[in-house]
Amino acid sequence: MDILQVTDLKKYFPIKGGFMNRVVGQVKAVDGVTFRLKKGTTMGLVGESGCGKTTTGRTILRLNGGKTGGEVLFNGKEVYDLSDKELREARTKMQIIFQDPFSSLSPRLPVGEIIGEAVKEHHLVPKAEYDDYLDRVMDECGLQPFHKTRYPHEFSGGQRQRICIARALALNPEFVVCDEPVSALDVSIQAQIINLLKKLQQQRGLSYLFISHDLSVVEHISDTVGVMYLGSLVEYGEKKDIFDNPLHPYTKALFSAIPIPDPKAGMKRIVLEGSIPSPANPPSGCKFHTRCKYCTEKCKTETPVQKEVEKGHFVVCHQF
């Protein structure tokens, strides 16, 4: 069963300028993203910086104001049609772990209040059970009860990220957007946090949208993978299909940059020429045609549509 269905999601930000500060253009941060996420699974979302990965996650959770177009169904209900009361209830079911564990934690609150603030607000447990509940959640995330009285600046980066995970899990969510949760951490700590996320997923049946630059981390944690370029999903499918048989030229170039831990193995790096076009003025036709060596006249004028090449393996390219 699908916990999340995203169909043709769009999020544009206005560009204002001129004497009257009028809207003179739009940044197409998310431009027609479509995918599904099954309950209890993880979807990895990869792509270059500025391609719209984080904006996609925030727009799904209604953290960016309104959407420009498309549909976001969470447990079969359109997220943007929920009333204030329904959205308040849904907030406990949808959570986010932010990229930077330091700036996303209030320096003025002790850890116990940071984790338990929303638990009190939503009246999730009786007052008598509140302390025990916090201790349980913190223990699941590798934190000790005496950490409750300490402040974020007293912790290392890995411990801060554990606090962020505990804050998200305290509300007992069903779906969590992990926005590059390990990119600011050391490699050894990254492994601990990834293993913690996998363990919690098995225990609680969580569903993750895992946003990352690190393809090896995505391969380790994901069940399905989506590849984004300039606000659009260019390829989407099961992890094995995407990593064993990448179809889109951009996906092939991205995967060719994965380092091989063998000094004798020669890397066949695909170097993309040209710079990334601006999302405020994307090229006509296929957005990738300005950097693609397989580009034809059709690519320059006609926008490709998502096609299912193999069962569950979708690609947006005129080659297929």
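This dialogue reads a predicted model, going from the overall fold to one residue, Thr-251.

Trainee: Where should I begin, and how many helices and strands does the protein have?

Mentor: Begin with the secondary structure, which in this protein comprises ten helices and twelve strands. The radius of gyration is 21 Å, close to the 20 Å that the globule rule gives for 320 residues, so the protein is as compact as a globular protein of that length. Along the principal axes, its C-alpha trace spans about 70 × 60 × 45 Å.

Trainee: What share of the contacts with a separation of 6 or more joins residues 24 or more positions apart?

Mentor: Such pairs account for 64% of those contacts. As for burial, 47% of the 320 residues count as buried, while the accessible surface comes to about 16100 Å², with 50% of that area belonging to carbon and sulfur atoms.

Trainee: How many positive and negative side chains are there, and how far apart do the centres of the two sets lie?

Mentor: There are 42 positive and 38 negative side chains, and the centres of these two sets lie 3 Å apart.

Trainee: Turning to a single residue, is Thr-251 buried or exposed?

Mentor: A residue counts as buried when its relative accessible area is under 20%, and Thr-251, which sits in helix H9 (residues 249–255), has a relative accessibility of 0% and is therefore buried.

Trainee: Which residues does Thr-251 touch, leaving aside those up to four places away in sequence?

Mentor: Thr-251 touches Val-227, Val-234, Glu-235, Ile-242 and Pro-246 on that count, and with Glu-235 there is also a polar contact between the two side chains, at 2.8 Å.

Note on methods:
Residues are numbered from 1 along each chain as its sequence is written. This is a predicted model: local features need pLDDT of at least 70, side-chain atom pairs count only at pLDDT 80 or more; totals for chains, interfaces and linings use all residues. Side-chain values use heavy atoms; hydrogens and water are left out. Helices (H or I, at least four residues) and strands (E, at least two) are DSSP runs, numbered from the N terminus. The radius of gyration is taken over C-alpha atoms; the globule rule is 2.2 Å times the number of residues to the power 0.38. Buried means under 20% relative accessible area, exposed over 50%, partly exposed in between (1.4 Å probe, protein chains only). Contact means heavy atoms within 4.5 Å. Accessible areas come from the Shrake-Rupley method with a 1.4 Å probe; for residues, only the protein chains shown count as cover. Lys and Arg count as positive and Asp and Glu as negative; His and the chain ends are not counted. The place of a charge is taken as NZ of Lys, CZ of Arg, CG of Asp or CD of Glu. A polar contact is a pair of N or O atoms within 3.5 Å; within protein, one must be able to donate a hydrogen and the other to accept it, and residues adjacent in sequence count only if both atoms are side-chain atoms.
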